[in-house]
Amino acid sequence: MNRPLEVEILLVEDSPADVELTLRALAKHNLANQVHVAKDGAEALEFIAHSSNHPKVVLLDLKLPKVSGLEVLRRIKNEPRTRHLPVVVLTSSREEPDIAEAYRLGANSYIVKPVDFEDFVRAVSEAGLYWLLLNEPPNR
Amino acid sequence: MARPVGGSKRRSRTSSEERYRLLFHNNPLPMWVYDQQTLAFLDVNEAAVRHYGYSREEFLAMTLKEIRPPEDVGELMETVSHTPGGLHDAGVWRHRRKDGSDIMVAITRHRLTLDDRAIALVLAHDVTEQLAAARALKQSEDALRQLNAELELRVEERTARFRAVAETATDAIVLGDHTGNITYFNPAAERIFGYSAQEAVGQPLTILMPATFHDSHRSGFERYLRTGEARVVGRTVELTGVRRDGTEFPLELSLASWRTTGGQLAFTGILRDISDRKRAEAGRAAHASALDQANIELQAVNRELEAFSYSVSHDLRAPLRAIDGFSKILIEDHGAALNEEAHRLLDVITGNTRRMAALIDDLLAFSRLGRQPIAKGDVDMTGLVHAVASDLRADMEARGVQFVVDPLPPAWGDQALLRQVWSNVLGNAAKFTRRRTDARIEVGTQQRDDEIAYYVRDNGVGFDMRYADKLFGVFQRLHSSEEFEGTGVGLAIVQRVVHRHGGRAWAEGRTNEGATIYFSLPRKIERGE
């Protein structure tokens, strides 16, 4: 009966558990309704290429099947049409080379997923709130 | 002009006079006739006038004495008085010419009697030059003889010197002739090749090389003799030698050629057995290649380690997050339906996930330590201790811990890593004194010759020295998690950092009386590191 809501968050994540935890964290702040989940990098790029309206933020895991997260990031930031799309790297990796490479490619944030659930909920929802509600994107 | 003595008989003796004129006046050698009694010149020929510089008239007014140097006159007179009349007389005399110059003259005298007077006919042959030439010849002969003697002496000395050098040289010295035969073989050559000099001399040089080299030696030798084209002469080359017993060995040959006095080519070879050097080189090469191999393996291990820690970092955390997250969700969504024991069990699960997460973080930090490069500089250790302690101060002040820091000498090391060391050591001291009301932590140094040992002493729970070696192992703990929290990586990190600085770490302690953790760092070496 409702027409589908516009996608505001693209969650790129291959782990179903992490998808569920992330959605739950977003739901705590009513941010979970307009989330599209891509299970690998190829699916994410496909979604971005075929959606008329871009999401307000991409939550991107780095370790993904098919096309890696860093490659997804690189393609988003290299494409003039999607360059302004905010990308928040949300990953388990705390390794310095990953962080450096992500920022070099133009990541807007880099968040290490906390193991502790309360910390995780806080981190994800703060990021969601910031990019969805506070950030003022350029006119498209 | 011919004018014979006794002109009265002139006409009757025309033919005789003619002969006399030819023989006497035209004779190319000086001649004269003198009176044996008075020694007065009775006649002189043209050659005499020319040679002595006196005119004929002057001659005829002189005696023999006047063509002698005054000092020779005595001898002349003696000779005259002692010489009985005879037909021939000959001798070499010194005469003085009118210009005062002396000449040596070979005299041939023919005595005869004319009109009862004893006269003498003299033929004077100037031999000054011959005598001078003879004298010069003799002198140069003498000089030559002298030179020769000197040369012989020098050759003898040279030979002695050569022998002294050759006989004591540690290198083999072998001389060869143009036929390719050995002409000299020094003691070192005897030692190296196993032939006596007596055996070797006269043998072809090829006895010193393996058979496989004989052909190339002969062709090279012949080419050199024929064209002078040298491949070995004048250089140092490495070859293979063969001993008398047939064993082969590597040698270094320096070969020179020279010409004998007979103009024949000869060769001097200086040979050195380089077996030891070759062995050492091979050893070094093997060692280097082993090092290279180890290095390659190490790099592979490092890459693997990196991949491993990446996996640990990523893949081990994700399930933990799920365990923790879903446990919390269970409580959130179904907490009301769970009894107290179920809540306790879920707490145990989440407590362990936290602990596991801490272990992973520490393990990764520890593994990073081994890989990250060390950036050394001067480090103000006193400042570092106070900076680190400020993080612990709130806790320590609340407990009334007595914290004493001696002035610490600066260290030469990586500031960030040394900060980690102090943080772990001081954190331990704070942790293990927690149960004491009179806790005391001291920081100080012990100066040694080439290193500085820093220490942190506490009066906490201490440890049993029997387990001292376990203190610095990864995940080694001497207390239960209930007693004191921790992953058992702190001192392992301390030890690794200190080792990477070239220092060491150790500990002293007694159960319930406290512990002292030491770590030493090498002193700064001036001029680089």
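Here is a walk through the structure, from chain B as a whole to its meeting with chain A and then to a few individual residues. Keep in mind as you look that this is a predicted model.

Let's start with chain B. Its secondary structure adds up to 13 helices and 17 strands. The chain has 529 residues, and 35% of them count as buried. If you take the contacts in chain B between residues at least 6 apart in sequence, 53% of those join residues at least 24 apart.

Now turn to where the two chains meet. Chain A puts 21 residues into the contact, and chain B puts in 23 residues. Between them the chains bury about 2000 Å², with 51% of that on carbon and sulfur atoms. On chain A's side, three residues are worth finding on your screen: Lys63(A), Glu95(A) and Val115(A) supply 33% of the area that chain A buries against chain B, more than any other three residues.

What about charges and polar groups here? Seven salt bridges turn up across the interface of chain A and chain B. For a concrete pair, look at Glu118(A) and Lys328(B), whose side chains meet in a salt bridge at 2.9 Å, N to O. The interface also has eight residue pairs in polar contact, with both residues at pLDDT 80 or more. As for which elements of chain A are involved, helix H1 (16-27) and helix H5 (117-134) are the ones that give two or more residues to the side touching chain B. H1(A) gives five residues, the largest share of that side. Sorted by class, the side of chain A that touches chain B has 12 charged, six nonpolar and three polar residues.

One residue of chain B leads straight back to this interface. Leu364(B) sits in helix H10 (residues 340-371) of chain B. Is it buried or exposed? Leu364(B) has a relative accessible area of 4%, so it counts as buried. Which residues does Leu364(B) touch, leaving aside its neighbours within four places in sequence? On the chain B side they are Ser309(B), Val312(B), Ser313(B) and Arg317(B), and from the other chain there is Glu95(A). That is the Glu95(A) named above among the three residues that supply 33% of chain A's buried area against chain B. Tyr310(B) is 54 residues from Leu364(B) along the chain, yet their C-alpha atoms are separated by 8.8 Å.

Next, move to Asp171(B), in the loop between helix H5 (128-168) and S6 of chain B. With a relative accessible area of 15%, Asp171(B) falls under the 20% cut-off and is therefore buried. Its side chain is joined to that of Arg272(B) by a polar contact of 2.9 Å. Beyond its neighbours within four places in sequence, Asp171(B) also contacts Asn186(B), Ala188(B), Ile270(B) and Leu271(B).

Follow the chain on from that loop and you reach a hairpin. Strand S6 (residues 172-177) and strand S7 (residues 182-185) of chain B pair in the antiparallel sense over three bridges. For one of the bridge pairs, Gly176(B) has Ile182(B) as its partner in S7(B). The hairpin has four residues between the strands, and Gly180(B) takes a positive phi near 85°.

Finish with Ile525(B), in the segment after strand S17 (514-522) of chain B. Ile525(B) counts as exposed, because its relative accessibility is 52%. Asp450(B) lies 75 residues away in sequence and 9.5 Å away in space, C-alpha to C-alpha.

Terms used:
Residues numbered from 1 in each chain as written. Chains lettered and ligands numbered in written order. Predicted model: local features only at pLDDT ≥ 70, side-chain atom pairs only at ≥ 80, totals over all residues. Heavy atoms only, no water. Contact = heavy atoms within 4.5 Å. Buried area = accessible area lost by both parts, 1.4 Å probe. Salt bridge = Lys/Arg side-chain N within 4 Å of Asp/Glu carboxyl O. Polar contact = N/O pair within 3.5 Å; in protein donor to acceptor, adjacent residues only side chain to side chain. Nonpolar A, V, L, I, M, F, W, Y, C, P; charged D, E, K, R; others polar. Pairing = 2+ DSSP bridges. Buried < 20%, exposed > 50% of the residue type's maximum accessible area, 1.4 Å probe, protein only.
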